[in-house]
Amino acid sequence: MAEQFKIIEYPLIILFVISGAVFLVSTSDLVSIFLSIELQSYGLYILSTLYRNSELATSGGLTYFLLGGLSSCFILLGTSLLYTNSGSTSLDGIYVITSISDLVNEGNLDISSVYTPYYINFSFLILSIGFLFKASAAPFHFWSPDVYDAIPTIVTTFVAIVAKISIFIFLLELVHYTSNSLFSFQYSWTSSLLISSLLSLIIGSVVGLTQVRIKRLFAYSTISHVGFILLALSINSIESIQAFIFYLMQYSISNLNAFVILISIGYSLYYYINSTEEYKELEDKNNSPIQLISQLKGYFDINPYLALSLSITIFSFAGIPPLLGFFAKQMVLSAALDSGYIFITLIAILTSVVSAVYYLNIIKQIFFDKSEYIVNPEVKNISLEGSIVKNASTAMQETQEVKVTFNIKNVVLSSSLTLTISILTLIILLFIFVPQEWLSLANILALILFNT
């Protein structure tokens with residue numbers, strides 16, 4: 001029931017992943033970028049296959065590894081093309097080449113005889129395909145629902161959040177310094193981000209309607225969120241970058257809370273049994289106790305606090321005011337409208353309404369359906385006796401022994417889990433009362449980027 005505590009490699013692998021993420025954000029050389037993304041990816045591959053007793057986790061991790069290797073090929077190809085066309089592996093040198101576009105567009109410089117301008121766009125396009133693949137953005141999303149569902153929930157939490165943040169921040173730098181580089185060519189590589197955003201919004205919302213497994217549903221929800229993040233990224237204005245940073249913050253908080261609550265619900269149901277045949281046939285129940293949305297039926301009657309916390313987080317996913325998710329979506333859509341992206345804004349609003357259907361289905365099952373769980377008769381009336389020994393503080397005092405009795409009502413969640421869930425839920429719920437600090441932070445970071 002607690003296999004993760006027996007795996008001593010956890011801290012080391014997580015250190016590799018976080019180190020790769022930090023290097024990716026801070027580096028400015030093509031070779032270092034490739035090494036950083038591979039360091040991060042290898043850690044995630046190992047983390048996914050760490051549970052050797054799980055056939056599902058092993059197959060999911062292998063799928064992740066093979067398709068991640070394919071995306072690395074795109075990154076390596078884009079890197080080699082950039083080096084071939086610029087003669088430098090430094091991003092600063094490439095930024096200098098792209099900045100010449102201002103002179104070209106003004107007619108003061110003609111480099112068409114010695115340099116073919118669309119090569120650099122083509123190279124960045126291939127490079128972005130590799131990174132969008134790793135960030136599970138449509139149309140390169142097909143691996144993520146299977147992997148999310150197969151690997152243990154505690155690993156899914158890490159893969160869904162940490163793996164994406166560093167990639168998006170790196171793409172932010174890339175977009176900022178190269179998006180104005182059109183030369184005489186009408187197509188910029190950042191247009192591919194806009195197309196990916198549109199597809200992510202549609203696929204993440206529509207395909208999610210047919211899902212019955214909770215982690216697959218969260219995977220499509222993540223794809224939909226990635227669509228909003230890419231929309232803010234591709235606009236590339238001060239308002240959109242502020243919205244991008246803020247959306248990344250709320251995405252991380254909401255997803256972390258959702259997965260931690262899912263893990264906690266699994267723990268809280270250990271002394272309940274469900275006689276439905278569908279649940280008996282589930283594989284890998286120790287590593288992922290909650291796999292089906294129908295397993296949450298009537299959970300409000302079992303633990304109302306966890307049920308309320310999960311519902312608040314899901315409402316935030318759906319963008320219901322006045323929760324954190326609503327303000328993030330509103331900022332992105334406002335920035336898109338200001339920049340004239342009316343069509344994709346309408347698509348984003350419609351897909352948000354569509355995705356609310358499968359979010360509200362979870363709420364319905366938690367609060368309005370009848371629970372199929374009963375307390376395990378073997379432990380219902382069990383009573384365990386123990387004693388707490390209080391050592392004497394001085395030699396003159398006697399050692400005190402207090403008899404205690406344990407029963408099923410004494411089984412509660414750990415203080416670390418309850419504290420984490422409480423803090424994250426309160427941030428999502430009460431953001432409207434203290435918005436200034438978060439918005440100012442996003443605003444300052446956007447202004448710093450645009451002034452450098």
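Buried means under 20% relative accessible area, the cut-off used for the residues shown in these close-up views of a predicted model.

**Figure 1. Asp284, a non-glycine residue with a positive phi.** D284 has a relative accessible area of 18%, so this residue is buried. Its phi is positive, at about 60 degrees, although D284 is not a glycine. Most residues other than glycine have a negative phi. D284 is found in the loop that runs between α12 and α13 (299–302).

**Figure 2. Asn236, in the loop between α10 and α11.** The loop shown connects α10 (214–235) with α11 (238–268), and N236 lies within it. The phi of N236 is positive, about 60 degrees, and N236 is not a glycine. With a relative accessibility of 15%, N236 counts as buried, because buried means under 20%.

**Figure 3. The cis peptide bond between Ala138 and Pro139.** A138 and P139 are joined by a cis peptide bond, for which omega is about 0 degrees. Most peptide bonds are trans. P139 belongs to the loop between α6 and α7 (144–150).

**Figure 4. The cis peptide bond between Pro321 and Pro322.** Here two prolines, P321 and P322, are linked by a cis peptide bond with omega of about 5 degrees. The loop that holds P322 lies between α14 (304–318) and α15 (324–338).

**Figure 5. The second largest cavity and its lining.** The structure holds 2 cavities of 30 Å³ or more. The second largest cavity has a volume of about 90 Å³. It is lined by 14 residues, and those closest to its centre are S41, L44, Y45, Y64 and K134. Two or more lining residues come from each of the helices α2 (30–48), α3 (55–86), α6 (118–134) and α8 (153–178). The most is given by α2, which supplies 5 residues to the lining of this cavity. By class, the lining of the second largest cavity comprises 9 nonpolar, 4 polar and 1 charged residues.

**Figure 6. The second largest pocket and its lining.** The space in the second largest pocket amounts to about 340 Å³. Of the 15 residues that line this pocket, L269, Y272, K285, P289 and Q295 lie nearest its centre. At least two lining residues are supplied by β1 (272–273), and at least two by α12 (277–280). Sorted by class, the lining of the second largest pocket has 9 nonpolar, 4 polar and 2 charged residues.

**Figure 7. A nonpolar surface patch that includes Leu426.** The patch on the surface is formed by L426, L429, L430, I432, F433 and V434. Together these residues have about 540 Å² of accessible area. L426 is placed in helix α18, which covers residues 415–430. The relative accessible area of L426 is 45%, so L426 is partly exposed.

**Figure 8. Ile14 of helix α1 and Gly43.** I14 lies in helix α1, which spans residues 10–26. Although I14 and G43 are 29 residues apart along the chain, their C-alpha atoms are separated by 6.9 Å. I14 has a relative accessible area of 24% and is therefore partly exposed, a class that falls between buried, under 20%, and exposed, over 50%.

Note on methods. Residues numbered from 1 in each chain as written. Predicted model: local features only at pLDDT ≥ 70, side-chain atom pairs only at ≥ 80, totals over all residues. Heavy atoms only, no water. 1 Å grid on protein atoms, 1.4 Å probe; cavity = no way out; pocket = protein on both sides within 12 Å on 5 of 7 lines; lining within 4 Å. Points joined across faces, edges and corners; volume = space filled by probe spheres on them. Helix = DSSP H or I, 4+ residues; strand = E, 2+ residues; numbered from the N terminus. Nonpolar A, V, L, I, M, F, W, Y, C, P; charged D, E, K, R; others polar. Patch = residues over 30% accessible without salt bridge, like charges linked within 9 Å, V, L, I, M, F, W, Y side chains within 5 Å. Areas by Shrake-Rupley, 256 points an atom, 1.4 Å probe, with all protein chains shown as cover. Salt bridge = Lys/Arg side-chain N within 4 Å of Asp/Glu carboxyl O. Buried < 20%, exposed > 50% of the residue type's maximum accessible area, 1.4 Å probe, protein only.
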